[in-house]
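Let's walk through this fold in a few quick rounds of questions. Have the viewer open and follow along.

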Amino acid sequence: MVIHSKMAAAGQQTYATIALPFALARGKFTEYATAQGLPVEVEDDISLIRFQRGVVQVSGDAAQTRLDISAESAAALQLLRDTLAERMAALHIPVVWEVQTGKTRPANLSLAKVVEVARLSPSYVRVAVQGPDLARFADGGLHFRLLFGPKDAGWPFINESGVTQWPGGDKAWHRPVYTVREITCDTDGSARISFDIFLHDGGRVTAWSRSVTLGDEVALTGPNGGRVDHKAGWQLLIGDETAVPVVARKLAALPENTKGKAVLFVPDAADIQALACPACMTVHWVLRDERETPLATLHAEPLPATDRFVFFAAERAEAVAARGYLAEHGLSRDEFHSAAYWTAPTSDAP
Ligand SMILES: Cc1cc2nc3c(=O)[nH]c(=O)nc-3n(C[C@H](O)[C@H](O)[C@H](O)COP(=O)(O)OP(=O)(O)OC[C@H]3O[C@@H](n4cnc5c(N)ncnc54)[C@H](O)[C@@H]3O)c2cc1C
């Protein structure tokens, strides 16, 4: 098989082969990438799929297909390998991965100890964790996943193909996403991460925050998700209770000459925090009993014609509606990001 080298140089690489003719595999990968909104570059003899932090090159012949995978970090490579392994398993396509030796823990998984649990305000608890390799969460995405598995199952590990194995099965794991609110790194790669948990009825993390004790071991995967978007001179940031931490991070990182507005929703006046932000931006807090919603706020905001960026994060139905609204109002894909931060139970759910 011919091995191409059209991928941009990146930090970490691996490869896999699948017993599927290239023409057929290419179609399946293009379909998958299109459904995920990932850019695909198609040439005669290869396809390149660009993920957020890595690239997959698909090449091959009439007998088999080769996937050359490169990513900006070992953690990003692990995520990409696990994503592709999951996709291939769903399609019942056997994959032969480059053999991994000497590693047992997924490169994107860190173990840490709980070092602080503090009630920040009526609706938030701040938890701080400390771990020997948490410094990588300072870059490469603002978010991480907390891992909660079946009782006494042990932590996830990798098999000899380097693919993450979930004791008790991956469906048995709860992996909610949280935002790194603060991170303090040491020169040896260790770090302390603080994150703010919005307390809500029925929340498994809410329950955990009430029972966790100092010294408990936790597992985090990541970093995940976007970085701060600095490009636009005008920014509108709208977030519900779960997005207060991310909007706080974004506001603090924006260049000082950025103009615009942040609108944040909290249940209680005592949940309002003083947030660092550029001098020409304003921060509005909406109390939930005022009956305003993140989506209604978006509809009411005038948007400039150029040099603009809108960030919207809230419940799934609102995030989907916001995405449609912004696209209909002429914003291009790189002028907005609308994210579902949680999903309300559907009215017909049992
Ligand atoms: C990129 C990203 C970053 C995030 N950052 C944070 C963060 O920093 N802090 C934070 O608190 N959350 C954050 N979230 C949201 C968090 O992941 C979800 O709220 C998650 O469901 C919490 O898990 P849980 O175990 O508490 O609730 P689950 O066990 O998943 O859900 C239990 C029940 O609670 C409901 N529920 C879930 N979230 C809410 C909510 N916010 N309000 C009301 N009901 C809810 C569900 O519909 C379900 O019925 C983030 C989400 C994303 C995608």
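Two strands count as paired here if DSSP finds at least two bridges between them. Keep in mind that the model is predicted.

Q: Which residue stands opposite glycine 54 in E4?
A: Strand E3 (residues 46-51) and strand E4 (residues 54-60) pair in the antiparallel sense, over six bridges. In that pairing, the residue opposite glycine 54 is phenylalanine 51.

Q: In what order do the strands of the antiparallel six-stranded sheet come?
A: This sheet is open, and its pairing is antiparallel. Strand E2 (40-42) and strand E6 (95-97) stand at the edges with a single partner strand each, so one side of each has no neighbour in the sheet. From one strand to the next the twist averages 20°. The order reads E2-E3-E4-E5-E1-E6.

Q: Which residue of E5 is the bridge partner of glutamine 13?
A: E5 has E4 on one side, joined to it by seven antiparallel bridges, and valine 56 stands opposite isoleucine 69 there. E1 also pairs with E5 in the antiparallel sense, again over seven bridges. For glutamine 13, the partner in E5 is serine 70.

Q: How many residues of E5 are buried?
A: Side chains in a regular strand alternate between the two faces of the sheet. In E5, Thr65, Leu67, Ile69 and Ala71 point one way while Arg66, Asp68 and Ser70 point the other way, and all are buried. Buried means 20 or more other C-beta atoms within 10 Å of a residue's own. For E5 the tally is seven of seven.

Q: What angle does the direction of H2 make with that of E5?
A: Two helices are worth checking against this sheet. Helix H1 (residues 22-36) lies across strand E1 (12-18), E2, E3, E4 and strand E5 (65-71), at about 155° to E4. H2 packs on the sheet too, touching E1, E3, E4, E5 and E6, and its angle with E5 is about 150°.

Q: How far apart are the end C-alpha atoms of helix H2?
A: Helix H2 covers residues 74-90, which is 17 residues. At 1.5 Å a residue they should span 24 Å, and the model agrees with that because the end C-alpha atoms are apart by 24 Å.

Q: Which residue with positive phi follows H2?
A: Within H2, the buried residues include Ala75, Leu79, Leu84 and Met88. After the helix comes a residue with phi near 60°, and that is histidine 92.

Q: Which are the edge strands of the five-stranded parallel sheet?
A: The sheet is open, with parallel pairing in the order E18-E17-E16-E19-E20. Its twist averages 10° from one strand to the next. Each edge strand pairs on one side only, and the two are strand E18 (281-287) and E20.

Q: Which strands of the parallel sheet does helix H6 touch?
A: H4 lies across strand E16 (234-239), E17, E18 and strand E19 (308-315), at about 160° to E16. Helix H6 (residues 316-328) packs on the sheet as well, at about 155° to E19. The strands H6 touches are E19 and E20.

Q: Which element gives the most to the shell around the ligand?
A: By class, this shell has 14 nonpolar, nine polar and three charged residues. Of the 26 residues around the ligand, Thr179, Phe198, Gly203, Arg204 and Trp342 come nearest. With four residues, the element giving the most is E14.

How values were computed: Residues are numbered from 1 along each chain as its sequence is written. This is a predicted model: local features need pLDDT of at least 70, side-chain atom pairs count only at pLDDT 80 or more; totals for chains, interfaces and linings use all residues. The expected span of a helix is 1.5 Å times one less than its number of residues. A residue is buried if 20 or more other C-beta atoms lie within 10 Å of its own, exposed if 12 or fewer, and partly exposed in between; C-beta atoms are placed from the backbone. Axes are lines fitted to C-alpha atoms, for helices over the stretch in contact, and angles run from 0 to 180 degrees between N-to-C directions. Two residues are in contact if their C-beta atoms, placed from the backbone, lie within 7 Å. A residue is near a molecule or strand if its C-beta atom, placed from the backbone, lies within 6 Å of it. Ala, Val, Leu, Ile, Met, Phe, Trp, Tyr, Cys and Pro count as nonpolar, Asp, Glu, Lys and Arg as charged, and the others, Gly among them, as polar.
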